[in-house]
Amino acid sequence: MIRYSIRRLLLLLITLWLLTVLMFVLHHLFPGDTLTNMSGIRQSDGVAYQQAQQHYAMPQSWLSQYWQFFLHLLHGDWGQSLVTQRGVFADIMPQLGATLELTIMAMTLSLVIGVPMGMYAAVQQRGPLDRVIMGVSLSAYSIPAFWLAQLALLLFAVKLGWAPISGQLNPLFNITPVTGSVIIDILLSDSPYRGAALKDALQHLWLPVLVLSSIPLTMLIRITRNATLDVLQQNYLRAARSRGLSESRIMVKHVMPNAMQVIVRQLGLQFSLLMSNIIIIETIFNWPGIGSSLIKSIYERDYPVMLGGLFTLAALILLVNVAVELYHAWRYPQVRKELYAER
Amino acid sequence: MLAHRCSRNGRTAWQLVFGSFLGLGLAACQPATTTVAPLQQGLVYCSEGNPEGFNPQLGTSGTTIDATSAQLYDRLLDYDAEQQQFVPALAERWQALDDGQRYRFHLRRNVQFHSTPWFTPSRALNADDVLFSFQRWLQPNHPYHAVNGGNYPFFTSSGLMNLIVAVERIDDYTVDFQLSRRDSSFLANLATDFAVILSADYGQQLLHAKQPQQLDRQPIGTGPFQFVEFRKDLLIRYQRHADYWREAPFFEQLVYVITTSANKRMLKLLTGECDVIPYPLVDELQQLDIDDDIQVSSAVNPNIAYWGFNTARPPFDQPLVRQALSHAVNRQAIIQAIYNGNARQASGILPETSWAFTELDQTHAYNPQLAKQLLQQAGYEQGFNMRIWAMPVQRAYNPNAQRMAELIQADLAQIGVRAEIVSYEWNEFRRRLDRGEHDSVLIGWVADNADPDNFFRPILSCAAAAGGNNRTNWCDPNFDQLLEQALAETVADNRAQLYQAIETYALQQAPLMPIANSLRFQAHRTDISGVELPPYGAISFRHARRILPVDERGEQP
């Protein structure tokens with residue numbers, strides 16, 4: 001396990017490092033002044049620009065330029081926005097909080113609903129409910145997220161008025177964003193209207209979470225169903241049945257843990273899919289996360305913000321994938337053994 | 001927000017059916033959150049974009065002005081559009097001296113600046129603040145002149161930069177403006193949203209802290225609201241200025257929620273997430289008007305949409321050709337098709353709101369026959385090929401320039417002129433216009449102040465052709481001469497006559513074809529009142545208030 005962990009972590013570090021190299025190259029390839037793209041400081045800023053030239057070792061070789069760029073990145077000095085002149089890193093952190101809040105809730109929701117539904121469908125294989133669940137999940141999976149989001153907005157926000165159209169919270173609740181996650185921020189604040197604000201925040205949250213979870217939810221239902229069906233055909237289950245174990249005991253003790261192994265392995269991939277959807281969902285719901293800021297920075301050609309957002313998202317996806325793999329290997333020894341080719 | 005909305009809107013049948021079905025709606029429609037104080041004491045304005053900064057001196061974009069001028073700052077004097085006269089603001093009174101070449105302003109006492117976490121004012125407003133605010137853009141060697149770009153477009157294009165020779169401090173509460181010549185538009189220019197008064201004290205403090213750029217980012221003014229925070233693409237938060245020298249505003253909080261999509265603005269107004277929105281979609285106006293919850297108000301906006309001919313290029317250098325083209329266009333059809341009737345067909349360059357306006361129609365009437373004759377006289381019996389440049393964006397004066405260009409194209413075909421429609425991305429469009437690459441262009445102008453001069457000089461004078469908004473590249477010394485004469489005249493009636501002469505001259509020469517004066521729209525929920533949309537200048541929330549509903553609990557089931 002230790003060898004495996006070290007290998008995964010090394011691979012993570014190397015991938016992250018390659019990402020920084022890619023960013024450095026992109027800074028050079030983007031139109032305009034390379035230093036401006038990197039630091040957000042324009043030539044017209046005079047003294048600041050000269051200082052930045054020094055800091056980023058601009059006149060020197062590419063290698064030392066890269067080294068300086070790398071050091072800045074490590075120190076959390078990601079330059080400043082070309083539009084607002086604010087520090088990129090300081091602005092991205094609360095956005096990351098907002099994005100994570102949506103992601104974690106959507107992922108949790110799809111796990112909590114998707115896994116039981118998939119198992120239920122497998123047990124009822126070819127029964128009417130199985131067909132309904134599979135049919136609904138297939139059609140939901142075929143609906144593009146941006147269209148589903150617009151429809152949901154029209155129905156739930158405009159027609160029914162059950163949810164507001166956009167944002168995290170009614171801005172009149174003056175809650176200072178600290179972590180970016182609106183629920184944590186409300187709990188941290190000393191506003192006398194915390195209760196009302198929390199209620200308002202939840203009303204803002206449920207619709208984007210629901211729409212965002214639609215893709216991983218439907219995927220998880222299908223994965224769980226297939227995994228469960230696989231397990232149900234294993235010999236050890238036949239053995240368990242022949243020993244007279246009750247069906248419920250078989251499900252809980254034997255089927256579920258074994259099916260979970262396949263599901264956990266898929267979680268990393270599902271997370272990556274979720275991250276590409278979140279960019280669309282955040283833009284539609286005006287959610288102040290990394291995704292919507294990334295889209296805006298692309299429109300505004302705000303290179304420091306663009307690359308900062310890109311790096312954060314990419315690093316997040318990598319981290320989650322490695323974490324899932326490590327958990328998977330730790331939790332299921334047979335996987336580990338397969339990895340080391342020992343039995 | 002849900003219950004908030006329910007109690008404001010009342011429930012629809014949809015809500016009832018689905019609500020009771022899921023057991024959600026009924027519980028959610030308690031009036032509980034309506035009574036939450038911050039929601040009662042705040043107003044949400046869904047603005048159409050991010051401001052460029054928080055100092056109107058540096059910009060001309062309507063979005064920036066709407067976000068800052070009337071909220072954060074005050075001017076020496078204000079213009080009362082209803083009474084058509086200047087009213088005292090930070091200056092209690094003023095007088096013209098030296099035959100109009102010097103103006104003396106007596107400042108109001110005990111006017112407090114905003115007190116914020118980043119600045120505590122050490123004194124009330126005095127002459128130093130006025131000097132600081134004006135010298136910043138007047139003097140190239142002022143420590144703040146080059147800060148944040150150093151461009152002061154309004155002061156350059158209105159000519160104030162050359163008009164004001166010096167600003168002098170007489171005593172703590174008296175300031176003199178020395179002018180290079182008599183100019184009857186001077187007071188009008190001082191009353192615009194651009195001539196705001198900043199705090200010299202704050203400027204000094206920032207210089208010490210070596211952060212001068214903060215002056216325009218974390219603003220300090222004397223206005224009814226003070227700045228709290230700006231989160232780009234999300235919101236601007238203001239709070240009530242408790243020590244405001246006039247009556248303090250009703251709302252404790254004023255939040256601009258930045259909503260760039262016109263559709264989303266409309267929907268958010270419907271759901272109650274916005275209390276007030278600017279520029280609602282004209283097509284949907286009818287639908288909004290029916291809704292009991294929403295009121296649409298319109299203000300006459302001092303603007304003009306026009307079709308300008310690039311007189312530097314043949315055949316548009318001939319007045320006969322320009323007249324012919326003007327006669328060829330059916331403007332009545334444009335008003336119906338493009339503005340849905342929400343505009344007035346222009347009867348000259350000056351709009352109806354100007355005090356120099358008269359009913360006399362100073363435009364070329366629709367007459368294709370006459371147009372053909374004129375073309376013959378000019379030697380173009382066979383017609384010619386030309387290009388119409390259409391703006392790619394919506395503006396208050398022109399909601400759809402592309403469509404308008406198509407209508408004009410069809411009209412021109414009737415007289416044998418073959419037109420092609422051209423458009424570029426907006427910034428590129430303006431750059432190319434500056435270089436004079438166009439034959440003709442559909443564009444417009446929104447006045448900055450009430451002075452009629454502001455409708456001619458910025459778009460038709462020689463100075464504006466050299467480097468400004470004169471898209472016709474028309475430079476006629478006689479015309480400039482007429483403008484100067486009108487400015488030197490101080491008796492209003494005589495001035496009005498002079499401007500009519502100017503209109504007639506422009507009619508004969510026809511460098512542009514005036515199309516329409518349109519209205520500026522805004523929509524708000526019915527429980528909000530007092531949002532002011534003055535014809536000249538920015539939206540103001542100083543008098544805005546929420547009409548509190550009579551106790552609604554009795555109505556709840």
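The following exchange examines the domains and cavities of a predicted model.

Local features need pLDDT of at least 70 and side-chain atom pairs count only at pLDDT 80 or more, while totals for chains, interfaces and linings use all residues. Residues are numbered from 1 along each chain as written, chains are lettered from A, and side-chain values use heavy atoms, without hydrogens and water.

User: What makes 74-216 a domain of chain B?
Analyst: Bounds come from an automatic or database domain assignment. That assignment gives 74-216 as domain 2 of chain B and 303-518 as domain 3.

User: How do you know that domain 2 of chain B and domain 3 of chain B are in contact?
Analyst: Contact means heavy atoms within 4.5 Å. By that rule, 11 residues of domain 2 of chain B are in contact with 12 residues of domain 3 of chain B.

User: What area is buried between domain 2 of chain B and domain 3 of chain B?
Analyst: Buried area is the accessible area (1.4 Å probe) that two parts lose on being put together, summed over both. For domain 2 of chain B and domain 3 of chain B the value is about 1000 Å², of which carbon and sulfur atoms give 49%.

User: How many salt bridges does the rule find across the interface of domain 2 of chain B and domain 3 of chain B?
Analyst: The rule requires a side-chain nitrogen of Lys or Arg within 4 Å of a carboxyl oxygen of Asp or Glu. Across this interface the rule finds 0 salt bridges.

User: Why is a space in this structure called a cavity?
Analyst: On a 1 Å grid over the protein atoms alone, a cavity is a set of points where a 1.4 Å probe fits but cannot get out. The search finds 7 cavities of 30 Å³ or more, and the largest has a volume of about 430 Å³, volume being the space filled by probe spheres set on the points.

Methods: On a 1 Å grid over the protein atoms alone, a cavity is a set of points where a 1.4 Å probe fits but cannot get out, and a pocket is an open set with protein on both sides within 12 Å along at least five of seven lines; lining residues have an atom within 4 Å of a point.
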